[in-house]
Structure formats: structure tokens, C-alpha cells
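Work through the exercises below with the sequence and the model side by side. Try each task before reading its solution.

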Amino acid sequence: MAKTETGTGTGTDIGGGAAPDWRAWQESWDRQQEWYLPDREDRFRVMLDMVEALVGPAPRVLDLACGTGSITDRLLRRLPRATSTGVDLDPALLAIAHGCFDGDERVTLVTADLKDPGWPELLPHRSYDAVLTATALHWLHEEPLTALYGRLGALVADGGVFMNADHMPDASTPRINAAERAHRHAAMDRAKAAGAVDWAEWWQLVAQDPVLAEPAAERFTIYGEHADGDTPPLDWHVRTLRAAGFAEARSVWSSPSDALVLALK
């Protein structure tokens with residue numbers, strides 16, 4: 001099974017009932033996220049291109065705020081000699097990740113709070129070739145995000161990379177931003193009318209599953225409905241990562257609203 005360093009267990013025996021179809025839950029999470037981010041696979045593709053280019057085909061990877069393991073899933077299909085440590089605090093999403101990677105010795109899953117200064121001590125390794133995260137760190141305000149980047153500066157091996165794909169808006173272009181947002185939301189409305197499931201509806205489905213209902217309830221106790229974080233612009237991420245000890249940092253992919261920042265140690 002996927003190894004567990006601390007936290008919720010294997011996922012296949014949560015609540016003592018029959019195991020859900022974990023892969024179906026993983027895929028439904030991906031579809032729900034794609035409703036908000038139709039170019040989600042593009043950022044993953046570029047992210048893995050840069051992993052392979054900079055640290056090779058068999059990297060030790062930290063999947064930061066891993067959720068259900070979307071990055072790890074794509075990493076192992078693209079680079080089967082890679083290993084991945086997934087870290088998250090969400091018990092429901094981690095339950096799905098445990099179920100999906102059950103039996104895969106390349107994957108270790110860790111329950112940890114990224115705002116806790118001691119979270120790196122829970123990891124099985126002291127350094128990683130690549131730390132990857134997508135559409136997750138906007139849950140943090142700038143102060144804890146700055147502190148997190150500082151810890152990553154020590155965690156990424158020399159010559160290794162950190163990549164964060166997230167919302168990085170440019171406040172200096174309000175008309176462009178408004179037009180892009182209107183166009184994107186019109187497409188989302190059309191997809192919703194065709195049956196797409198949004199965030200709230202997805203969690204309602206999770207709460208109806210007899211195995212996932214308990215970790216889902218625990219998840220909302222931890223986070224509430226949604227965390228209120230910050231979305232600083234790309235140049236903030238570049239400056240902050242350089243201050244954290246990375247030698248180079250810049251965008252390697254962008255959309256009208258999001259960017260993928262890469263920092264090289």
C-alpha cells in the first residue's frame with residue numbers, strides 16, 4: 001500500500017465499510033477542478049516537462065498540499081522511476097489519495113499542517129529534487145506563505161526545483177482582467193448547464209458516501225467552507241523565492257489569470 005508517515009491510515013478501511021471506487025473519486029475531483037481551470041492539464045504538462053529537464057527522469061518529489069494526488073498521479077505515469085511524498089491536512093482528500101495509491105511503494109502520504117513550522121520534520125526525507133504544488137497555496141496569506149517559501153528554500157536540494165501553479169493576477173490591467181473573467185465565467189455557466197459539478201456540489205456528494213462522510217466532516221471542522229488567503233502577483237512570488245535562497249525564479253507558463261512559477265536552487 002502507499003506508505004503512511006502519520007495521519008489517516010490506508011484509506012481502504014476508513015469507517016469499516018466497503019471501499020469506494022477510489023479512482024472514480026480521483027477522476028471526479030479532477031473534473032470538478034477542471035470546471036474552474038480548463039487549462040489545468042497544460043500547467044501539469046509544463047510542470048513535468050521542467051522536472052524532467054532540470055532534475056532528470058527519476059526525481060524524489062514532494063507533492064505539496066497534494067489533495068487527492070493529482071500531481072503524483074501524473075508524475076508517476078510520466079516518470080515511472082520517480083518517487084513522491086504527498087503532504088496535506090485534508091482527511092477526505094487524503095483518504096482518496098490513500099485509496100488511489102494503495103500498493104504503490106513509490107508513494108508516501110503524510111498528514112501535516114503547512115502553517116506549522118515543524119511540518120518538514122514529519123517527512124521521510126530531508127531534501128527533495130522537486131517540490132510541486134498547484135492551485136493550493138492561495139489558501140495562505142502572504143505572511144505564512146513567505147514563511148513556507150523560506151522552509152522550502154532549505155528543503156529543496158541544490159540544483160533542485162520548486163514549482164507553484166496558482167492564481168497570480170496582475171492588478172495593473174483591470175480591463176483585461178474583467179474581460180477575461182467574464183469570458184471564463186460564461187464558459188463555466190455553459191459547462192454547468194451541461195452537468196458540470198462545482199466545489200460545493202462535489203463536497204455534498206462526498207458527504208453522502210458512507211466511507212468518506214466522516215473525514216469530510218472533519219475536513220470542514222479544520223478549514224470551514226473555504227479558507228480566505230491571498231493571491232499575490234507573479235513578481236511577488238519571484239522576489240520572495242529569491243529571498244528564500246533560490247538562485248533563479250521566473251514564470252515558465254501562464255494563462256490570463258494564472259501562472260506557474262519555477263524556482264531553481
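Two exercises follow, one on a helix and one on a strand.

The model is predicted, so local features need pLDDT of at least 70 and side-chain atom pairs count only at pLDDT 80 or more, while totals for chains, interfaces and linings use all residues. Residues are numbered from 1 along each chain as its sequence is written, and side-chain values use heavy atoms, with hydrogens and water left out.

**Exercise 1.** Compare the span of helix α2 with the expected span, and list its buried residues.

Step 1. Helices (H or I, at least four residues) and strands (E, at least two) are DSSP runs, numbered from the N terminus. Helix α2 covers residues 40-55, 16 residues in total.

Step 2. The expected span is 1.5 Å times one less than the number of residues. From first C-alpha to last, α2 reaches 23 Å, close to the expected 22 Å.

Step 3. Buried means under 20% relative accessible area, exposed over 50%, partly exposed in between (1.4 Å probe, protein chains only). Arg 40, Arg 43, Phe 44, Val 46, Met 47, Leu 48 and Val 51 of α2 are buried.

Step 4. After α2 comes Gly 56, with a positive phi near 95°.

**Exercise 2.** Place strand β8 among its partners and explain why it is largely enclosed.

Step 1. Strands pair if DSSP finds at least two bridges between them. β8 runs antiparallel to β6, with 7 bridges, and antiparallel to β7, with 6 bridges.

Step 2. Asn 164 stands opposite Val 261 in β8, and Ala 249 has Ala 263 as its bridge partner. A hairpin through 3 residues links β7 to β8.

Step 3. β8 is largely enclosed by the rest of the structure because 7 of its 7 residues are buried. Asp 258, Leu 260, Leu 262 and Leu 264 lie on one side, and Ala 259, Val 261 and Ala 263 on the other.
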